[in-house]
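These are my notes on the two-chain model you sent. They are set out as numbered points, with the conventions given where they are needed.

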Amino acid sequence: MKAKVFVTLKPSILDPQGKAITGALRTLGYNSVCDVRQGKYFELDVEAETVTEAETVANEVADKLLANPVIESYRVEIE
Amino acid sequence: MKFAVVVFPGSNCDHDAYHALASVLGHEVVLVWHKEIHLSGADVVVLPGGFSYGDYLRTGAIARFSPVMTRVVEFAAAGGPVLGICNGFQVLLEAGLLPGGMRRNKTLKFICEHVNLRVEVSDTAFTKLASVGQVLRMPIAHGEGNYYVDADTLRELKERQQIVFRYTAPDGSLDEQRNVNGSVDAIAGICNRDRNVVGLMPHPERACEDVVGSSDGRVVLESVVDAFRVGAVAPAG
């Protein structure tokens, strides 16, 4: 089963990279893009019988390693 | 008095630490490869600067799982003095030995320059010989030193006096422009509750001889030697 993990900085944390990208988009004329938040995306191949089982594993690894809970939050999707 | 300098793949200040401790200060130093499961009976552990595991995933995130880190965690829990410099500080954060996390510098640039640090407390294993308010000049060299903690943890750090160093102007006054990486509350270094584990982004080991521009970093390394001599820290190795 494929698990997708999206890791992003928590909303309260300033994202300097996102700000720089927003600035670059302004330069390109995309004034309608008000803000950009940059994150990380992981694809995990998980051996699991059920979606719940794959979800549990993906959440665990996201919490223990893929994301740093101090500054980041994550979301898991199973395919 | 024996120091262990842990070497992770990608550490590049391990020999700076070795030079400062062995050649300048004259102590016994062992370089401990990260796959080791012992600390060679060292009295003090130094996690050096660099780019462990190429900074993959997050700075310090993979190094924390190195076999030697289990021993470092035990060593710290037993009261052994541990100093994390730059990437070593990042490893201590990821390992949960110190609270908080690192973000990219506010400027998005890798900053390599001398900064002024104000000593905030002198009762840690690594600031014992410094005085509160003393300003030390040391170099920084990092891209991710923008320290973050949430408001509750910051309050706790203040209450327990765990903020050890702050970025300041040369006269020791707080100035947001001198907080070069954008750290919360201009924090450059912190300690744990037991005050035996200290992490900081600036490099005291690169400021131990006048010939390299500053010898202000010596007080950090000499403090732990003194703490050990008077029995203020427990031999845990």
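1. Two strands are taken to pair if DSSP finds at least two bridges between them. Helices (H or I, at least four residues) and strands (E, at least two) are DSSP runs, numbered from the N terminus. By these rules, strand β3 (residues 44–47) of chain B and strand β4 (residues 82–85) of chain B pair in the parallel sense, over 3 bridges. Val45(B) stands opposite Val82(B) in β4(B).

2. On conventions: this is a predicted model, in which local features need pLDDT of at least 70 and side-chain atom pairs count only at pLDDT 80 or more, while totals for chains, interfaces and linings use all residues. Residues are numbered from 1 along each chain as its sequence is written, and chains are lettered from A and ligands numbered from 1 in the order in which they are written.

3. Chain B has 5 helices and 11 strands. An open sheet of 9 strands runs in the order β2-β1-β3-β4-β11-β10-β9-β6-β7 (chain B), with mixed pairing. Its edge strands, each paired on one side only, are β2 (28–33) and β7 (135–142) of chain B. From one strand to the next the twist averages 25°, with axes being lines fitted to C-alpha atoms (for helices over the stretch in contact) and angles running from 0 to 180 degrees between N-to-C directions.

4. Strand β10 (residues 187–191) of chain B has 5 of its 5 residues buried. Buried means that 20 or more other C-beta atoms lie within 10 Å of the residue's own; exposed means 12 or fewer, and partly exposed is in between, with C-beta atoms placed from the backbone. Strand β9 (residues 163–168) of chain B is joined to β10(B) by 3 bridges, antiparallel, and Arg166(B) stands opposite Ile187(B). Another 3 bridges join β10(B) to strand β11 (residues 197–200) of chain B, also antiparallel; here Gly189(B) has Leu200(B) as its bridge partner. β10(B) and β11(B) form a hairpin with 5 residues between them, and Arg195(B) in the turn has a positive phi of about 65°.

5. The largest nonpolar core has 74 residues, and Ala4(B), Val5(B), Val6(B), Val45(B), Val46(B) and Leu92(B) have the most contacts inside it. Such a core is a set of buried Ala, Val, Leu, Ile, Met, Phe, Trp, Tyr and Cys residues joined through C-beta atoms within 7 Å. Apart from the largest core lies another, of 8 residues, including Ala54(A) and Ala67(A).

6. Which chain B residues does Val5(B) touch, not counting those up to four places away in sequence? They are Asp14(B), Ala17(B), Tyr18(B), Val29(B), Leu31(B), Val32(B), Val46(B) and Pro48(B). Contact means that the C-beta atoms of two residues, placed from the backbone, lie within 7 Å.

7. Chain A has 2 helices and 3 strands, in the order β-α-β-α-β from the N terminus on. The radius of gyration of chain A is 16 Å, whereas a compact globule of 79 residues would have one near 12 Å. For chain B the value is 16 Å, which agrees with the figure near 18 Å for a compact globule of 237 residues. The radius is taken over C-alpha atoms, and the globule rule is 2.2 Å times the number of residues to the power 0.38. Buried residues make up 15% of chain A and 55% of chain B.

8. At the interface, 8 residues of chain A are in contact with 9 residues of chain B. Helix α1 (residues 16–27) of chain A supplies the largest share of the chain A side, 3 residues.
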